[in-house]
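Q: Could we work through this model together, beginning with how one reads the packing of a helix and then turning to other features?

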Amino acid sequence: MTAPSNRMFRKNHFKLGTFSTNCSGGMTVTKIPERWDATWESNLAIGRLLDDAGIDFMLPIARWIGYGGETNFHGYVLETMTWAAALLASTQRITVFATIHAAANHPVVVAKQIATIDQVGRGRAGLNIVAGWNKPEYEALGLTLPDDHETRYAYAQEWFDVIRKLWDEPGRFDWKGHYWNLLDVHSDPKPFHGQPPIINAAGSGLGREFATRNADFLFTPAIDLARTAEEVGELKQQASAAGREVDVLTFSHVVCRPTEKEARDYCDYFFGQNTDWAATDNLVRLQFAHAQSFPHDLLALIRDRMAMGHGGFPLIGTPEQVADGICQLHAAGLGGTTLSFVDYTKEFPYFRDNVLPILEARGLRQPG
Ligand SMILES: Cc1cc2nc3c(=O)[nH]c(=O)nc-3n(C[C@H](O)[C@H](O)[C@H](O)COP(=O)(O)O)c2cc1C
């Protein structure tokens with residue numbers, strides 16, 4: 001059973017969220033001094049603005065070491081379970097996800113943590129499952145990243161099976177698996193209204209099989225929209241063959257200004273003149289080496305997009321142009337997108353006042 005009060009389960013509503021407000025730099029690998037600082041004060045401020053505006057969700061990145069370069073992009077990162085708990089306690093309507101590395105977090109602990117924060121938020125918590133890819137980060141944690149995807153996803157599957165059983169099973173039970181042997185275990189409280197929304201953002205074939213078996217939402221980069229539309233169709237088919245429904249979302253980076261020239265001038269400032277290329281190249285190199293989040297043939301073409309918005313779909317220009325871009329994502333079959341801004345708190349109000357009304361008038365989103 002899924003949670004009816006959670007905004008992520010609204011129908012006919014193109015979902016909007018934010019991504020990476022908990023990480024220094026947000027999604028932009030820039031050296032400008034006013035780049036996103038990711039402090040708790042900044043996160044609380046943006047969380048309340050989003051909640052009041054009727055934005056659907058906040059998705060954090062779980063990161064344990066930064067990407068180096070001059071700025072050490074993603075070097076300062078608020079831990080996502082505790083961040084989500086605090087945001088859920090400070091907001092009323094928005095869904096807040098925790099992003100959890102299966103290998104670094106015991107499933108019995110995570111089942112109870114998510115249930116606890118879902119109680120705090122009265123059914124507004126969500127879980128983004130990371131099966132793992134970032135080898136230096138695993139080494140920093142003293143963990144071994146399996147080289148093959150078979151082992152990564154077999155582990156993640158048992159990890160999530162344990163969690164699901166702890167959420168579903170009213171009484172105690174024993175678990176005898178490959179990775180865990182649990183004796184007379186149980187979990188109380190349960191999530192507030194049944195299973196919270198689950199994200200998995202794998203790009204590999206095996207990862208996507210995992211996602212269509214287990215997740216409600218799967219993320220895919222929007223680089224070539226014709227290719228994205230095909231992918232969305234395939235993923236939905238794959239899910240329905242397994243008797244499930246998944247919604248496919250993407251991530252976008254917004255620079256919205258009254259004129260296109262102002263938007264382009266700002267891009268030239270934070271990106272053209274001030275990109276931290278050493279950190280960007282580390283980000284690209286690690287993606288090539290260990291992950292398939294971005295198809296490798298396209299990854300080679302998007303160094304600029306990686307610098308500007310961590311590979312997100314560029315939504316640059318006037319409110320009308322930004323709304324047109326979001327409509328293109330919708331037309332490709334996507335069910336929603338995350339948004340990032342160089343400075344979330346400073347730039348979101350302009351988006352709220354000028355882009356959201358266009359999306360509502362075009363019938364993409366329900367107001368409120
Ligand atoms: C929207 C999105 C969010 C993600 N969040 C995280 C994260 O917070 N931490 C992390 O280590 N990986 C994150 N990932 C990476 C994926 O969870 C996955 O591990 C990666 O795509 C590699 O798996 P694959 O090789 O099966 O594609 C994210 C990817 C996307 C597209």
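Q: Against which strands and which helix do the buried residues of H12 pack?
A: In this predicted model, the buried residues of H12 pack against strands E9 (247-256), E10 (313-317) and E11 (336-340), and also against helix H14 (356-361).

Q: Which residues of H12 are buried, and where do they lie around the axis?
A: An α-helix has 3.6 residues a turn, so residues three or four places apart point the same way. In H12 the buried residues are Val322, Ala323, Gly325, Ile326 and Leu329. They cover an arc of only 155° around the axis, which puts them on the same side of H12.

Q: How many residues does H12 have, and what span is expected of it?
A: Helix H12, residues 319-331, has 13 residues, and its reach of 18 Å from first to last C-alpha is close to the 18 Å expected at 1.5 Å a residue. H12 is followed by glycine 333, whose phi is positive, near 95°.

Q: Is aspartate 148 buried or exposed?
A: A residue counts as exposed if 12 or fewer other C-beta atoms lie within 10 Å of its own. Aspartate 148 is exposed because it has 9 C-beta neighbours inside 10 Å; its place is in the loop between helix H4 (135-140) and helix H5 (149-168). Although aspartate 148 and histidine 290 are 142 residues apart in sequence, their C-alpha atoms are 9.9 Å apart in space.

Q: Which residues come nearest to the ligand, and how does the shell divide?
A: Of the 19 residues around the ligand, Ala201, Gly203, Ser204, Gly207 and Ser293 come nearest. The shell divides into 10 nonpolar and 9 polar residues, with no charged ones.

Technical notes
Residues numbered from 1 in each chain as written. Predicted model: local features only at pLDDT ≥ 70, side-chain atom pairs only at ≥ 80, totals over all residues. Helix = DSSP H or I, 4+ residues; strand = E, 2+ residues; numbered from the N terminus. Buried ≥ 20, exposed ≤ 12 C-beta atoms within 10 Å, placed from the backbone. Near = placed C-beta within 6 Å. Nonpolar A, V, L, I, M, F, W, Y, C, P; charged D, E, K, R; others polar. Expected span 1.5 Å × (residues − 1). Arc of directions from axis to C-beta. Contact = placed C-beta atoms within 7 Å.
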